[in-house]
Amino acid sequence: MIQVGSSHNQSVAWHHNGKHLFVASEDGHIHHLVVSSTCKRLAKWRIHSDNNPECIALSSDSTYIAASARQSVSFWDAVTHEQIGLPVEEADIVSSLAVSPNHDMAVGMPHTITLRNLRNILPAHYYATRDLYNKLMDVRNRYDMQSRQLRDHKVTALTAELDRRKRSIAIQTDKLVVVRQELERLPDVSYELLSVRRDLRTLEDRMNEMHQQYQVQLNEVTSVVAQYQPQSPPIHHNSITDWEVYAEKAFIRTLESLNTDVGRTSVSISTYLIRHINSPSCEEQSSAIQRASKSIPQSLVDGLRTSSHHNVVSHLQIAFRAYLTAYLYGIISLWTTDKRTDELLSEMYGRLYESGSQTFAANWRSLAHTNMASDDSDTLVSRAIQGLADIAVTAGCAASTPDTESKISHKFWHNISSMVATAEKLREMIGEDIKANLKVVVVRPAQTFDGNSMIVDAGNRGSGVPFGIPRGKKVLCTTRLGLIKEINSESANPGLSNGLTTVAVVKASVVLAENGWG
């Protein structure tokens, strides 16, 4: 309980900060109190009238006080306690007062209420501050509203992005689960593949066994027929069985597939390396040129060195095809001996064949092919890559030869390894399955073009070579392996003298020296 004075208190009003209290007492004074745990009076002053104040009202910003005494209302500064202007007279006794935040005063009387705009009564500085405060509050409210809207928008956007990422993670998780399941199945698939391979080997062994039985039975039937029909013409030893016809067709298909792989791989390597064609070091290129000259014709090497940027790709493709064709031919033919020995072996085989011992000659050649020494597959692949790298550096590849080898090995090891494996398969077919006199061929450089066994490379026709047979032109290099077959001329054309006739089964593709290559 707060004791203000000895007189009765008529009205009280709180300051807006809640720490100050204004009290109107019966003795005509207004008391300014500070209220905390204790109460302390700061000031006391008398109002304008000798009459006792009926009531007081404090403005919303606590800058001034309105006090009534009978029919008049006076205004006082809440800080200096000085009177503001002149009192306002009302028509009746004032019983209550109230001041709005907009500085409108409601005066309550016994039967009426009067509204007065204090802006017309009080100096401007008493309400201008409030107006500015109201504007600031409006600005703050708008800022708070926009901040909330922006925050809500950001939260919504972040929530949507988070949901999207959750869905993406869920999808990736599902994919990982599928991949993991597939990886777990790999051992089973590998086991099934091994089982299939074993079954294939078993089937091949069974087919070979049946083929041998068939040959035995055929020989027995032939002997019986020969005994009971001596006047019938003798059966030639070089007659080709159904199995040999099938093996010959399989060999041709495999050779055509190898030629196609050589073309595709040459295009892929040249397209991949063209971005590195610039200007290599002279020393690096000189060494590569010396090595490349041993693998491809010198005219081809010179053409690569002088190629413009416009046609370097096509020239590089032809050089790669020529190199790979010659390299794979060496693997297939397997005559790794010197030239003189090669000629002697071929001459021995021809004499055996012409003497009538065709079956023995074919088996002798198969045995020779099977037992010739050769390198392992990885060594053959590495050697092929080294030759390709030398050709690339010769054409102007800026990378060093080891770097070029690394690029080709990293990108095309599988392709080159597949071609080497196919060449080895063809060699095995010649040594084991093919009994007819088939021979894979390449055309030597500077040899005269022969339309019976050669065709002009399709890419070389673009240099001005017409369709048809270009008579008298010289061959620069071979880009597709050919296949010839030697048959007994007497069996092919009765009445002719006994000898060998060569037939082109697959014509070799060649590039001509007179068209863009010197």
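**Contacts, strand pairing and salt bridges in the predicted model**

Beyond the residues up to four places away in sequence, Thr 478 touches Arg 321, Ala 322, Thr 325, Val 442, Val 443, Ala 508, Ser 509 and Val 510. The model described here is predicted. Thr 478 belongs to strand 14, which covers residues 475-480. Because its relative accessibility is 6%, and the limit for a buried residue is under 20%, Thr 478 is classed as buried. Its side chain also reaches the backbone nitrogen of Val 443, at a distance of 2.9 Å.

Arg 321, one of the residues touched by Thr 478, takes part in a salt bridge. The side chains of Arg 321 and Asp 457 meet at 2.8 Å, taken from N to O. Arg 321 is located in helix 5 (residues 312-333), whereas Asp 457 is in the loop between strand 13 (454-456) and strand 14, so this pair ties together parts that lie 136 residues apart in sequence. Both partners fall in the buried class: Arg 321 has a relative accessibility of 17%, and Asp 457 has a relative accessible area of 2%. Elsewhere, Glu 161, Arg 164 and Arg 165 are joined into one network by salt bridges that share partners.

Across the whole structure, nine salt bridges are found. Among them is the pair formed by the side chains of Glu 90 and Arg 116, with an N to O distance of 2.7 Å. This pair links distant parts of the chain, since Glu 90 is in the loop between strand 8 and strand 9 (96-99) and Arg 116 is in strand 11, 26 residues apart. Glu 90 counts as buried at 9% relative accessibility, while Arg 116, with a relative accessible area of 26%, is partly exposed. A further salt bridge is made by the side chains of Arg 291 and Asp 390, at 2.9 Å from N to O. Arg 291 lies in helix 3 (residues 282-292) and Asp 390 in helix 8 (residues 377-394); the pair therefore ties together parts that are 99 residues apart in sequence. Here Arg 291 is partly exposed, with a relative accessible area of 36%, and Asp 390 is buried, with a value of 8%. In general, side chains of opposite charge can pair when their charged atoms come close.

Strand pairing was examined next. An open sheet is formed by four strands in the order 5-6-7-8, with antiparallel pairing. Strand 5 (55-58) and strand 8 (88-89) are the edge strands, each pairing on one side only. Strand 7 (residues 72-77) runs antiparallel to strand 8 and is joined to it by two bridges. Ser 72 stands opposite Glu 89 of strand 8. Strand 10 (residues 104-108) and strand 11 (residues 113-117) are likewise antiparallel, with five bridges between them. These two strands form a hairpin in which four residues lie between them, and Val 107 stands opposite Thr 114 of strand 11. Strand 11 also holds Arg 116, the salt-bridge partner of Glu 90.

On the surface, Val 196, Leu 200, Leu 203 and Met 207 make a nonpolar patch of about 350 Å². Val 196 is part of helix 1, which spans residues 125-228. With a relative accessibility of 45%, Val 196 counts as partly exposed, in contrast to Thr 478, which counts as buried at 6%.

Note on methods
Residues are numbered from 1 along each chain as its sequence is written. This is a predicted model: local features need pLDDT of at least 70, side-chain atom pairs count only at pLDDT 80 or more; totals for chains, interfaces and linings use all residues. Side-chain values use heavy atoms; hydrogens and water are left out. Buried means under 20% relative accessible area, exposed over 50%, partly exposed in between (1.4 Å probe, protein chains only). A polar contact is a pair of N or O atoms within 3.5 Å; within protein, one must be able to donate a hydrogen and the other to accept it, and residues adjacent in sequence count only if both atoms are side-chain atoms. Contact means heavy atoms within 4.5 Å. Patches are made of residues with over 30% relative accessible area and no salt bridge: like charges are joined within 9 Å, nonpolar side chains (Val, Leu, Ile, Met, Phe, Trp, Tyr) within 5 Å. Accessible areas come from the Shrake-Rupley method with a 1.4 Å probe; for residues, only the protein chains shown count as cover. A salt bridge is a side-chain nitrogen of Lys or Arg within 4 Å of a carboxyl oxygen of Asp or Glu. Two strands pair if DSSP finds at least two bridges between them.
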